[in-house]
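Student: I would like to go through some labels and see what backs each one. Can we take them one at a time?

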Amino acid sequence: MKINMEQWRNSIMNSGWIQAFPIMSNFGVSLKNMSIKDAVTDGDKQAACIKAVSDAFDMCAGSTLMDLSVEAQAFGCEVVMTDSETPSVSKGIITDMDSALGLKIPDPAAERTSVNLKAASISAAEISRPLFACIIGPFSLAGRLMDMTKILISLFNSADTVHLVLEKCTEFLIAYASAFKKAGANGIIMAEPAASLISPKQCAEFSSAYIKKIADAVQDDGFIMVLHNCGKTLRHVETMLSTSARGLHFGNAVDLKEIAPKIPDDILFMGNIDPVSVFKDGTPQDVSGKTTSLLEAMKSYTNFIISSGCDIPPGISRANFDAFFKAVSDFNKR
């Protein structure tokens with residue numbers, strides 16, 4: 001569905017209440033009685049999950065499934081896939097400069113990424129709210145291609161190799177994000193969790209500079225980027241803002257009361273109810289209490305959207321989601 005996303009952002013900031021957007025497309029797997037493997041390998045089935053969640057809950061946007069293995073698999077990494085868990089990369093494929101030079105940039109339409117593109121195309125036409133496509137960030141993708149330990153060491157002794165891999169990742173991610181845009185998505189949620197493992201200065205050089213290239217290539221009034229990092233990012237807020245992303249999404253590793261004053265009034269920020277200890281392992285009373293507490297703490301920020309701290313895993317009780325949305329509704333009625 002074609003939507004002016006600048007008008008959407010302004011409507012949220014001027015609505016007078018706090019909107020909800022938990023990253024919960026995995027719950028669609030339960031609603032449709034599917035396996036995770038079904039949803040990440042079949043675009044029609046993933047679209048059915050997205051629509052089921054969108055129809056069931058009052059959210060300000062919807063999202064594709066957050067699968068941070070799919071881009072690495074497109075480059076040639078081996079992926080472990082089961083019925084009940086989100087796929088994961090088993091090992092990297094870049095060992096040195098020669099293998100980095102030989103790395104081929106895949107076509108997003110030719111690999112399992114095409115499943116997500118198909119899901120986005122179907123969902124964008126079927127749901128009645130903006131659709132965000134979930135993709136990985138360049139440094140996190142490079143970390144999967146090189147292995148995380150190796151890339152962290154290489155920042156110091158093989159930075160040229162890291163930059164080459166990042167350039168290729170960025171070229172691919174621009175093409176992938178552009179394909180989502182063409183498919184009808186209204187924006188991307190870019191997950192860059194590995195950037196929280198490095199210093200703010202390194203983050204600026206090896207992550208934010210490349211994310212900005214992607215943002216500059218794809219953002220416009222009809223398509224925006226939300227940058228997600230679920231790590232300890234209090235010191236990284238400034239460099240995250242330098243990416244030109246029009247929204248920031250924070251994980252539960254940070255205290256939003258410390259983050260919120262750092263965010264400009266015209267940038268949306270989202271978070272950060274713990275997806276595991278609260279949504280998955282908590283009771284409905286726990287979910288309601290944590291949600292209400294966060295809403296109370298953030299009530300003065302018109303650019304805040306309440307969300308989960310990261311994508312919510314499968315297997316969550318419907319009662320916990322109902323408790324979350326009821327807490328938001330009750331708070332907004334005060």
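Tutor: We will set values against cut-offs, starting with charged pairs; keep in mind that this is a predicted model.

Student: What makes Arg9 and Glu6 a salt bridge?

Tutor: Their side chains meet at 3.0 Å, N to O. The cut-off is 4 Å between a side-chain nitrogen of Lys or Arg and a carboxyl oxygen of Asp or Glu. The pair is within it, so the label holds. Both residues lie in helix α1 (residues 5-13), three residues apart, about one turn of the helix.

Student: Why is Arg9 called buried?

Tutor: Its relative accessible area is 6%. Buried means under 20%, so Arg9 qualifies. Glu6 has 18%, also under 20%, so Glu6 is buried too.

Student: What else does the side chain of Glu6 join in a polar contact?

Tutor: Arg246, at 3.0 Å. The limit for a polar contact is 3.5 Å, so the value fits. Salt bridges link Glu6, Arg9 and Arg246 in a network. Leaving aside neighbours within four places in sequence, Glu6 is in contact with Asp221, Ile224 and Arg246.

Student: How do you know that Asp255 and Lys257 form a salt bridge?

Tutor: The N to O distance is 3.4 Å. That is within 4 Å, so the pair counts.

Student: What makes Asp255 partly exposed but Lys257 exposed?

Tutor: Asp255 has a relative accessible area of 32%. That falls between 20% and 50%, so Asp255 is partly exposed. Lys257 has 52%. That is over 50%, so Lys257 is exposed.

Student: How do you know that Asp330 and Lys326 are about one helical turn apart?

Tutor: They are four residues apart in helix α16 (residues 318-332), so about one helical turn separates them. They also form a salt bridge, with the closest N and O atoms 2.7 Å apart. That distance is within 4 Å, so the label stands.

Student: Are Asp330 and Lys326 buried or exposed?

Tutor: Asp330 has 34% relative accessibility, between 20% and 50%, so Asp330 is partly exposed. Lys326 has 53%, over 50%, so Lys326 is exposed.

Student: How many salt bridges does a search of the whole structure find?

Tutor: It finds 13.

Student: Now the rings. How many aromatic pairs are there?

Tutor: The count comes to 14.

Student: Why is the pair of Phe21 and Phe132 called tilted?

Tutor: The centres are 5.8 Å apart, within the 6.5 Å limit, so the rings pair. The planes are 35 degrees apart. Stacked needs under 30 and edge-to-face over 60, so this pair is tilted.

Student: What does that pair tie together?

Tutor: Phe21 lies in the loop between β1 (19-20) and α2 (27-31), and Phe132 in strand β5 (residues 131-136). The pair therefore ties together parts that are 111 residues apart in sequence. Both Phe21 and Phe132 are buried.

Student: What makes Phe324 and Phe325 edge-to-face?

Tutor: Their planes stand at 85 degrees, over 60, so edge-to-face is the label. The centres are 5.0 Å apart, within 6.5 Å, so the rings pair.

Student: How do you know that Phe324 and Phe325 are buried?

Tutor: Phe324 has 0% relative accessibility and Phe325 has 12%. Each value is under 20%, so each residue is buried.

Student: Which cluster do the ring pairs build there?

Tutor: Ring pairs link Phe27, Phe57, Phe279, Phe321, Phe324 and Phe325.

Note on methods. Residues numbered from 1 in each chain as written. Predicted model: local features only at pLDDT ≥ 70, side-chain atom pairs only at ≥ 80, totals over all residues. Heavy atoms only, no water. Helix = DSSP H or I, 4+ residues; strand = E, 2+ residues; numbered from the N terminus. Buried < 20%, exposed > 50% of the residue type's maximum accessible area, 1.4 Å probe, protein only. Phe/Tyr/Trp six-rings, centres within 6.5 Å; stacked < 30°, edge-to-face > 60°. Polar contact = N/O pair within 3.5 Å; in protein donor to acceptor, adjacent residues only side chain to side chain. Contact = heavy atoms within 4.5 Å.
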